[in-house]
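Visitor: I am new to this structure and would love a close look at one part of it. Could you walk me through how its helices pack together and what sits in the core between them?

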Amino acid sequence: MNYKYNKSSVIARGGLITAFGVLCVYLSSYLPTNKIFLQSIGSCLILISILTTGIKNSILVYFSTAILSLLICGIKLTTIAYIMFFGLYGFVKYYIERLNKIVVEYILKLIYCNLCLYILFLIYKLFLPSLFNLNTSIYIIAFGVQIVFIVYDYVLTVFISYFKKRYSKI
């Protein structure tokens, strides 16, 4: 058996990816800036896990990261954002992109983004009602989030291509 794919190697990779994922969520919870950037790195880690350990082990990595993040960081909005969006998006992207129909893919991804945005909006509104005394329309903000999401998805696609090319040489 190839050393890259034996069971102990997969478990070790999963453990390292989980540790880095928890670190990203922890830092995004306590650092005053770069919260979304750190959450995005956590999303990249799930994609690395899918590519290096397989989908079943990546599900375990996701749940381990989510549970450990809740235990270490507590119920914070950044932890909830990771659990609901950033951690899950690697799986959503993986399965949606298997369709190989770019228009359908982007429609489904935007539906996922809007659904998560709506749920997060409800959670934020419940716990931080003063945050929503905005002078800007929520629809303009939602449109801006969708544009940022499309850029985010493109950057993840570029990252996956780079990682596949680089990882195949290891």
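Guide: Here is a tour of one helix pair, then of the core and two residues in other helices. Please keep in mind that this is a predicted model, in which local features need pLDDT of at least 70, side-chain atom pairs count only at pLDDT 80 or more, and totals for chains, interfaces and linings use all residues. Residues are numbered from 1 along each chain as its sequence is written, and side-chain values use heavy atoms, with hydrogens and water left out.

Let us start with the pair. Two packed helices are described by the angle between their axes and the distance between the axes. Helices here are DSSP runs (H or I, at least four residues), numbered from the N terminus. The axes are lines fitted to C-alpha atoms over the stretch in contact, with angles from 0 to 180 degrees between N-to-C directions. For helix α4 (residues 77-96) and helix α5 (residues 102-127), the axes come within 11 Å and cross at roughly 170°. That makes α4 roughly antiparallel to α5, a term for angles over 145 degrees.

Contact means heavy atoms within 4.5 Å. On the α4 side, the residues making it include Ile80, Met84, Phe85 and Tyr89, while α5 contributes, among them, Leu108, Tyr112, Cys116 and Ile123. The residues of this contact divide into 17 nonpolar, no polar and three charged. Nonpolar here covers Ala, Val, Leu, Ile, Met, Phe, Trp, Tyr, Cys and Pro; Asp, Glu, Lys and Arg count as charged, and the others, Gly among them, as polar.

Now for the core. A nonpolar core is a set of buried Ala, Val, Leu, Ile, Met, Phe, Trp, Tyr and Cys residues joined through side-chain atoms within 4.5 Å, and buried means under 20% relative accessible area (1.4 Å probe, protein chains only). The largest one has 29 residues, of which Ile46, Phe85, Tyr89 and Tyr152 touch the most other members. Its largest share, eight residues, comes from α4. Beyond its neighbours within four places in sequence, Ile46 is in contact with residues including Val61, Tyr82 and Phe91.

Two more residues round off the visit. Ile50 has its place in helix α2 and is buried, with a relative accessible area of 8%. Leaving out residues up to four places away in sequence, Ile50 touches Ile55, Ser58, Gly90, Phe91 and Tyr94. Thr65 lies in helix α3 and is buried too, at 1% relative accessible area. Its contacts, apart from neighbours within four places in sequence, are Thr18, Gly21, Val22 and Tyr82.

Key. Helices (H or I, at least four residues) and strands (E, at least two) are DSSP runs, numbered from the N terminus. Angles under 35 degrees count as roughly parallel, over 145 as roughly antiparallel, 65 to 115 as roughly perpendicular and the rest as oblique. Buried means under 20% relative accessible area, exposed over 50%, partly exposed in between (1.4 Å probe, protein chains only).
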